[in-house]
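The following exercises are meant for a reader meeting this structure for the first time. Each task is followed by a solution in steps.

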Amino acid sequence: MEDKLSISIWFFIGISLAVNGALILAAGVYQLLSPPTSSAVVLFNLHANVWWGALLLAIGLIYCFRFAPKRQP
Amino acid sequence: MTFLTAMIAVPMQLVHLSPIDVVIVGFYFALVLSIGWYLRGKANTGEDFFMAGREMTAWVAGLSFLSANLGALELMGWAGSAYQYGILATHWYWIGAIPAMLFLALVMMPFYYISKTHSVPGYLKLRFGEPSRALSAISFAFMTVLMSGVNMFAMAKVMQLVLGWDINFSIWVSSLTVAIYVALGGLRSAIFNEVLQFFLIWAGALLIPILGLYEAGGWSNLKLLIAQRASEQYVHLWAGLGSFSNNPMGINWVGIVFGLAAIISMGYWTTDFLVVQRILAAKDIRSAEMAPIIGAGFKMLVPAIVILPGLLGLALLPEKLFPESVAVATGAHSYNDVLPLMMARYCGPGLLGLGVTALIAGFMSGMAGNVSAFTTVWTYDIYRPLINRGGSDHHYVRMGRWTTVVGVLISVGTAYLVMQFASIMDYVQALFSFFIAPLFGTVVLGMLWKRASAAGGFWGLLCGTLCSISMWTWVKIDPAALRYVALSPHAKGLAQDMYQALWSFITCVVVTVVVSLATKPVPEIELKGLVYGLTQIPAVGEVPLYQKPLFWAAVVAVVFVVLNMVFW
């Protein structure tokens, strides 16, 4: 399929993961800098949205780079 | 489906989205519409529109095959079942799926693929003739579009329950989005979005078991907590299945092994066109065989994001959850709320948006799967053979696009009908299950027994279906009849499904065999490419061991056995 389509499905997956990861990471960093005064989630101290967002962003960027449209044969 | 019926109740909002969560949800809608728009020019022929050009790689077909069954209702419903029944719910993901997927890959897929059929009813036409196809196609098309409507309504209710969204808004936004991207890109568009959904579900849900296990102090501590709050039986897969009364599900190992694994699961994973269609779009025979094996490999991991959150909820949530009927009456949370509750427990801004997006993606890709399967069966198995035989390929593609829109509109109509008459949902769910077990009997006999005749196939399918309907009606009228259907006075609701499937399968097989032996066999020359023993199965080619489907099927089978032993 990738041979005939100019944009691979994996590129769309990369876009999705990268954008979502960036947004989650941004929200996490914001909460890190100005912690909520109330109604924080359980295990807030682990700052899951920071490292989970960063992980999704990294995977998304790898997919985007690896399956970028210009790289398709 | 108590889960669906009970959602008619007045809702209470479980989570509140922040602006960044709304942006994430909005981005998902923009992305799926963009994919549909991009693929619009790649669905001009029948093969492109209905079969995605038969050029999907094993990975794309496999993930799509799995995702077609990974809808949000399943996620939330089975997480609730894990809270209610414990780890026993895992049987629906392991023994209730893995053997069937491997059987599809190694035994049945070659026949589907070699025959170049467009659908499962299409195979029945080739093997048993037009009457069997018509019976199967009409029942499938009718039930699929109704199921789509039921799921649409269920999705809108969940969105109302979880997010406080208006039902009409959810129904119309989701259905229009699905109609646009499937009508534009056909099956390819549906498959692309299913693969996207697969990643979103893992990205959105995997954090819950990770943080949950951290909070619980690991798996060993989790088992102790569950034993304190419920029972030790909640963490054993097989140890309590010696009798109906020794486990929270009220079922025994016979029902699980012979009803769930051998019949229901085999029927669903090998003959339900909604999932099989994804494999038929594979680019070659090796990809078609590898796709269900890849799906099986990931299917074994799904309990981590479905069953484990339910168990964690049982161990960690401060409040107790109740059956739907009690929850509706008291205003407490029900078992089925456990996944959103766990999501709200751990997911802050952004993560919550991703989790909600994963649920929405699950709903929408499920709807797209129903609609694309309906469109194919309607166009190729009903419209073309019964209404307009002589149309051009372009005509049938145009019919497919319009059928997509009409199918979505019928689904919307069904959703509103269900809103008025809630009991319809239970009937539709039940009706759908009537066809699965006997259809498996007909297809598997057709593939493995060359003596099965056209009349045998038709009457076996019809009698098996009628048997299923009769048993369901009997228990509906007289609930005490369950003891006869399931052969035990201790049997509970889920046991009915298992034994109903078992009896209807046996009826189908017996009738098919008896009628076939009494009627004229199909000439062997007409069975080439359709039946085991008369078909040269093409080799997967000279490939290294690690690229052979049989090798990976063996790996999956070994892991499957080990997992069952570990959680025995």
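**Exercise 1: A glycine in its surroundings**

With 27 C-beta neighbours inside 10 Å, B:Gly456 counts as buried in this predicted model. The task is to place B:Gly456 within chain B and to identify its contacts.

Step 1. The residue belongs to helix 21 of chain B, which covers residues 454-477.

Step 2. The criterion for a buried residue is 20 or more other C-beta atoms within 10 Å. B:Gly456 has 27 such neighbours, and therefore it is classed as buried.

Step 3. Once neighbours within four places in sequence are set aside, the contacts of B:Gly456 are B:Thr512, B:Val515, B:Ser516 and B:Thr519.

Step 4. A further distance can be read for B:Leu445: this residue lies eleven positions from B:Gly456 in sequence, and their C-alpha atoms are 9.9 Å apart.

**Exercise 2: The length of a helix**

Determine whether the end-to-end distance of helix 8 (residues 130-163) of chain B agrees or disagrees with its expected span.

Step 1. The helix has 34 residues, and at 1.5 Å a residue it should span 50 Å. The expected span uses one less than the number of residues.

Step 2. The C-alpha atoms at the two ends of helix 8 are 48 Å apart, which agrees with the expectation.

Step 3. As to its environment, helix 8 of chain B is mostly covered, with 26 of its 34 residues buried.

Step 4. Immediately after this helix, B:Gly164 adopts a positive phi of about 80°.

**Exercise 3: The overall form of chain B**

Establish how the radius of gyration of chain B compares with the globule rule.

Step 1. Chain B contains 24 helices and zero strands.

Step 2. For 568 residues the globule rule gives 24 Å; the radius of gyration of chain B is 23 Å, close to that value, so the chain is as compact as a globular protein of that length.

Step 3. The C-alpha trace of chain B spans about 65 × 55 × 55 Å along its principal axes.

Step 4. Of the 568 residues in chain B, 58% are buried. Among contacts in chain B with a separation of 6 or more, 84% are between residues 24 or more positions apart.

**Exercise 4: The contact between the chains**

Describe the side of chain B that touches chain A by its residue classes.

Step 1. Chain B contributes 30 residues to the contact and chain A contributes 26 residues.

Step 2. Helix 2 of chain B gives the most to this side of chain B, namely seven residues.

Step 3. By class, the side of chain B that touches chain A consists of 23 nonpolar, three polar and four charged residues.

Conventions: Residues are numbered from 1 along each chain as its sequence is written. Chains are lettered from A and ligands numbered from 1 in the order in which they are written. This is a predicted model: local features need pLDDT of at least 70, side-chain atom pairs count only at pLDDT 80 or more; totals for chains, interfaces and linings use all residues. Two residues are in contact if their C-beta atoms, placed from the backbone, lie within 7 Å. Helices (H or I, at least four residues) and strands (E, at least two) are DSSP runs, numbered from the N terminus. Ala, Val, Leu, Ile, Met, Phe, Trp, Tyr, Cys and Pro count as nonpolar, Asp, Glu, Lys and Arg as charged, and the others, Gly among them, as polar. A residue is buried if 20 or more other C-beta atoms lie within 10 Å of its own, exposed if 12 or fewer, and partly exposed in between; C-beta atoms are placed from the backbone. The radius of gyration is taken over C-alpha atoms; the globule rule is 2.2 Å times the number of residues to the power 0.38.
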